[in-house]
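This briefing is intended to be read beside the sequence and the structure shown below. It takes up a single residue, then the nonpolar cores, then the contact between the chains.

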Amino acid sequence: MPVVNERFEPLIVAFCCNWCSYAGADLAGISRMSYASNVRIIRVPCSSRVNPGFIIRAFQRGADGVLVAGCHPGDCHYHSGNFFTRRRLTVLKQMIEYLGIEPQRFQVRWISGSEGAKFAMVMNSVAEEIRLLGPNRKLRDVR
Amino acid sequence: MAAVIGWRKKDFWWQSPVVFLEDPAAAHRLVWDPFTVYSPVKFLLEWQASCAAKVGIFVKGCDSRGINRLLQDKRLERERVVVYGVPCGGKADAEKIRASFPAKGIKDVTLLGEQLVLTVGDREVRVAAEAYLLDKCLTCRHPNPVVYDKLLWEEVLPRQRADESRFARVQAVASLATEERFFYWQRQFERCIRCFACRNTCPACNCRVCIFDQAEPRWLGKANDPADTLNYHIIRAFHVAGRCFECGECERICPAGVPLQELNRKLIKDINEAYGDYEAGLDATDQPPLGTYRGEDPAGFDES
């Protein structure tokens with residue numbers, strides 16, 4: 001019998017920095033909080049490790065939304081990485097919007113290692129926003 | 001000095017490509033006419049990689065900012081280059097001339113101050129130059145070289161129109177609704193044949209190995225996929241963000257007419273608005289805006 005899936009389940013790629021956001025995800029897990037299962041976490045050493053190319057590539061290969069999460073400004077474990085991220089991804093986000101892609105599809109948030117509840121909340125709200133937007137067709141490979 | 005890089009005249013009136021001259025006796029082949037628009041700056045990289053001798057180069061205002069670009073990116077040894085600055089009153093657009101005059105009759109085109117003098121058949125026609133200049137020259141803010149060893153003649157005045165029209169096209173595109181904007185860009189990018197001319201001519205695109213040429217990891221598929229083309233244009237524009245100095249060669253050289261300046265200027269506009277006015281290529285010692293930060297920078301996303 002064919003499976004009828006009436007609800008669209010988005011695929012969200014979350015780049016999480018090893019020191020804060022990934023620890024935040026861990027805290028959400030060990031505190032047994034449940035959050036949207038649409039999120040696939042990719043651990044990076046620092047949010048500034050995220051090359052804008054990674055983000056575009058994730059969209060091309062089927063992500064419906066991309067989230068980059070890092071330490072709060074000033075808390076970067078490499079001293080200043082997330083300050084560069086902030087400039088770089090602010091510019092990238094505005095450019096993606098300018099090219100006609102819904103800006104909600106690409107999000108950046110600061111989540112510290114002690115913010116397990118915030119991690120779960122952000123993942124839920126991002127998943128909900130992208131569910132409403134529907135599948136990403138604009139940046140996706142046709143292959 | 002083993003050679004000079006300048007421009008020469010080719011067979012047709014609209015052709016003034018870049019030339020390397022090694023023989024001083026051939027110096028009379030160098031020209032300066034309304035079509036010497038090609039940027040000679042990128043050739044310096046190949047020259048310095050293959051030859052230890054000094055080289056001379058003629059630069060217009062826009063090209064000179066390319067020299068600063070390469071210096072700032074530490075891709076050029078300044079002491080091995082002699083820069084001849086040429087103040088430039090703007091370059092003519094052969095397409096605009098062809099649209100108004102029978103192309104076969106044109107023998108010669110010269111720029112005299114604000115007038116364009118055309119020899120059509122055996123008569124001479126004088127027209128106001130502004131209507132026949134390249135779009136990128138009409139919005140040029142620095143017609144005079146900003147770095148040079150020797151200036152060839154007196155500096156010229158920048159055009160009045162340059163400031164007001166700088167971001168006009170960006171604003172027009174940005175005012176469209178999200179879906180319209182997407183289809184606008186799809187229509188532009190679907191013409192792209194990925195010849196990489198925009199990258200090849202751009203002095204800001206000076207990486208030793210370009211990610212689009214890399215086999216492993218391969219960032220760009222070989223198939224003609226609209227998402228790949230969009231990927232190319234996002235990454236190309238982003239790699240020159242904060243470093244693009246608006247010479248407009250990418251857009252002019254594009255065989256498909258993709259309005260690349262609308263992308264470059266969008267980034268310049270956003271960076272200026274968020275992180276303070278910055279003009280790339282004016283000073284080889286300063287720090288491009290995406291290579292630095294301030295603690296109190298604004299963010300374009302939820303920072304709570």
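B:Val127 belongs to strand E7 of chain B, which spans residues 123–128. The model is a predicted one. In it, B:Val127 is classed as partly exposed because 14 C-beta neighbours lie inside 10 Å, a count between the limit of 12 or fewer for exposed residues and that of 20 or more for buried ones.

**Surroundings of B:Val127**
- Leaving aside residues up to four places away in sequence, B:Val127 touches B:Leu116 and B:Tyr132.
- B:Arg80 is 47 residues from B:Val127 along the chain, and the C-alpha atoms of the two are separated by 42 Å.

**Nonpolar cores**
- B:Leu116 and B:Tyr132 are also among the residues that B:Ala92 touches.
- The other contacts of B:Ala92, again not counting residues up to four places away in sequence, are B:Pro34, B:Phe35, B:Ile97, B:Val109, B:Leu111 and B:Leu133.
- The largest nonpolar core has 91 residues, and those touching the most other members are A:Ile12, A:Cys17, A:Val66 and B:Ala92.
- To this core, helix H4 of chain A (residues 116–133) gives the most, namely 7 residues.
- Another core, of 17 residues, lies apart from the largest one; B:Val4, B:Ile5, B:Trp47 and B:Ile57 are among its members.

**Contact between chains A and B**
- Chain A supplies 32 residues to the contact, and chain B supplies 34 residues.
- On the side of chain A that touches chain B, two or more residues come from each of helix H2 (52–60), helix H3 (81–98) and strand E4 (106–110).
- H3(A) provides the largest share of that side, with 12 residues.
- By class, the side of chain A that touches chain B has 14 nonpolar, 8 polar and 10 charged residues.

**Packing of H3(A) against H11(B)**
- The axis of H3(A) comes within 10 Å of the axis of helix H11 of chain B (residues 260–275), and the two cross at roughly 135°.
- H3(A) is therefore oblique to H11(B), since that angle falls in neither the perpendicular range of 65 to 115 degrees nor the antiparallel range over 145.
- The crossing of H3(A) past H11(B) is right-handed.
- From H3(A), the residues that meet H11(B) are A:Arg87, A:Thr90, A:Val91, A:Gln94, A:Met95 and A:Tyr98.
- Their counterparts in H11(B) are B:Lys266, B:Leu267, B:Asp270, B:Ile271, B:Ala274 and B:Tyr275.
- The contact of H3(A) with H11(B) comprises 7 nonpolar, 2 polar and 3 charged residues.

Conventions: Residues numbered from 1 in each chain as written. Chains lettered and ligands numbered in written order. Predicted model: local features only at pLDDT ≥ 70, side-chain atom pairs only at ≥ 80, totals over all residues. Core = buried A, V, L, I, M, F, W, Y, C linked by C-beta atoms within 7 Å. Helix = DSSP H or I, 4+ residues; strand = E, 2+ residues; numbered from the N terminus. Contact = placed C-beta atoms within 7 Å. Nonpolar A, V, L, I, M, F, W, Y, C, P; charged D, E, K, R; others polar. Axes fitted to C-alpha atoms, helices over the stretch in contact; angles between N-to-C directions. Parallel < 35°, antiparallel > 145°, perpendicular 65-115°, else oblique. Left-handed = near helix turned anticlockwise from the far one by under 90°.
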